[in-house]
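The following note is offered to a reader who is new to the description of protein models. It takes the form of numbered points, to be read with the structure in view.

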Amino acid sequence: MKKFQSPKGTRDVLPAEQKYWRQVEQVLDSLARIFGYERLDLPVFESTALFQRGVGTGTDIVEKEMYTFTDKGGDSMTLRPEFTAGVIRAYLENGMASRPKPVKLWSYGPIFRYERPQAGRYRQFTQFNIEAIGEMDPALDFEIMSAAWQLFSDLKFRNLCFQINSIGCPACRPGYMEQLKAHFRSHEKDLCGDCRNRLEKNPLRLLDCKKETCKPLADRAPRAADFLCKECADHFETLKRYLDSMAMPYTVNPRLVRGLDYYTKTVFEVWAEGIGAQNAVCGGGRYDGLAEILGGPPTPGIGFAAGIERLVMTLMHQQIPVPETGRPDVYVACQDPKAMPEAVRLATLLRQAGTPAVLGFGGRSLKAQLREADNRGARFTAIIGEEELGKQAVQVRDMTKAVQEQLSWTDLITRFRRPRD
RNA sequence: GUGGGUAUAGCUCAGCUGGUUAGAGCGCCAGGUUGUGGCCCUGGAGGCCACGGGUUCGAUCCCCGUUACUCACCCCA
């Protein structure tokens, strides 16, 4: 029979990797608390139309990357390829517009995109997502970016690169797009095939092309920042002043465009090095038109998403120390198998007192049990030997100091008791 | 969707231009006498050498195909 494997583009997060996940999750949880964001959990699948409308039919995500299926009732459903559309759907559906603005929400969970896997790219991956809805103030753009900043500094990341840009709004973008198209159309014969397709459909993407033939043209292309309307230009300037005043280093990248249709004004990404070609660990921006696209009242918003797998990869690549997890306080061993009933009772009592305790199974030699205690990282081993048998007593061995003493069960339990909350 | 690379033990990999019982390190298990881990020593378990075909007296090795994994393009987290 053919051996089963995890589906292409999915992975198992084995116990050895869990400490890194735990570290990231703890930092995220406290970050959300520090910045005043509340948790919102969403369904993993939504109506396909939500993503078609919200993300945009011209995007790669909607065109070729969605896990879409028809359920038994005949409705088309899609595993979420991003969080934002679902967050806005929930915001509108649950009348959150009546709450104090901005409404600040965060979410965490699996995201699905059907792509060819490579280093740092999976078909099922995990995102942390943060959104602030209902406020135009550039100070909120700053707050969101500053949350990203603090996330990475709390994780102790080094060598990060913040990229920002402004891509305008419905008032100024059409004018810019015309200029952009005109520029590329005059050189159409020099463009690669992909770019010729993009020309009418999504001209912004041409700026992003990495082909040697298109790059020089992209470099000479008109820049979005030069065509912003007064409102967008002021917004961008104010944001940059906030960033400067707090000494947060960033690069204005006129070629940063981002792949989703709904972005307006501010867009940004954070790049890490050393984790492969997929180096964006965080990406986001403002989406002032999205709520309307989804049938709600005009509602501005801004947010970002971070890919947890890439954060974990960076943590490991930069060899950042994280707390060890899963070490037992006490390993209960017995010298003779006939002491096993006592060992079982002692382990149970320890656990009832909240002490992480593991038991040596299988009637193996004491030597083997101590070896196991060592391998599992146990801090102490409680040994029931010939002398202790039937006396409610144990030899307690300190595994780092290699010294031991006889203790009664009650003393042992008292010493290792852990209050639980 | 388009390219390149790689498939040998649980993991990381050797295996010379094809030659008979397929190796190492790590890990796992058990021992090194009288109740005790880490270091050291000894032993053991564990491989249809990815799968299918071809060339050959003979293929883990050469050729073709399939599949999987992987890196990159595209795009993104």
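1. How many bridges join strand S7 to S8? The model under discussion is a predicted one. In it, strand S7, which covers residues 160-166, is joined to S8 by two bridges, and these strands run parallel. One residue may be located in this pairing: Ile164 has Val252 in S8 as its bridge partner.

2. The pairing of S7 with S8 belongs to a wider arrangement. Eight strands make up an open sheet of mixed pairing, and their order is S1-S5-S6-S11-S10-S9-S7-S8. The edges are occupied by strand S1 (38-39) and strand S8 (251-252); each has a single partner strand, so one side of each is left without a neighbour in the sheet. As a general matter, strands of a sheet pair through backbone hydrogen bonds, in either a parallel or an antiparallel manner.

3. Helices should be considered together with the sheet. Helix H1, residues 18-35, lies across strand S5 (103-112) and strand S6 (124-133), and its direction is at about 160° to S5. Helix H4, residues 84-93, also packs on the sheet, where it touches S5 and S6; the angle between its direction and that of S6 is about 45°.

4. Strand S6 contains Asn129. Is this residue buried or exposed? Asn129 has a relative accessible area of 2% and is therefore buried. Its side chain makes a polar contact of 3.4 Å with the side chain of Glu131. Leaving aside residues up to four places away in sequence, Asn129 touches several others, among them Phe83, Thr84, Val87, Leu105 and Phe304.

5. A second buried residue is found in strand S9 (residues 264-272), namely Thr264. The relative accessibility of Thr264 is 7%, and the residue therefore counts as buried. A polar atom of the Thr264 side chain lies 3.0 Å from the backbone nitrogen of Asp288. With residues up to four places away in sequence not counted, Thr264 touches Asp288 and also Ile167, Gly168, Pro170, Arg173, Arg286 and Tyr287.

6. The last point concerns a pair of helices. The axes of helix H12 (residues 340-352) and helix H14 (residues 409-416) come within 10 Å and cross at roughly 30°. This crossing of H12 and H14 is right-handed. H12 contributes Glu342, Arg345, Leu346, Leu349 and Leu350 to the contact, and H14 contributes Trp409, Leu412 and Ile413. Of the residues in the contact of H12 with H14, six are nonpolar and two are charged, while none is polar.

Conventions:
Residues numbered from 1 in each chain as written. Chains lettered and ligands numbered in written order. Predicted model: local features only at pLDDT ≥ 70, side-chain atom pairs only at ≥ 80, totals over all residues. Heavy atoms only, no water. Pairing = 2+ DSSP bridges. Helix = DSSP H or I, 4+ residues; strand = E, 2+ residues; numbered from the N terminus. Contact = heavy atoms within 4.5 Å. Axes fitted to C-alpha atoms, helices over the stretch in contact; angles between N-to-C directions. Left-handed = near helix turned anticlockwise from the far one by under 90°. Nonpolar A, V, L, I, M, F, W, Y, C, P; charged D, E, K, R; others polar. Buried < 20%, exposed > 50% of the residue type's maximum accessible area, 1.4 Å probe, protein only. Polar contact = N/O pair within 3.5 Å; in protein donor to acceptor, adjacent residues only side chain to side chain.
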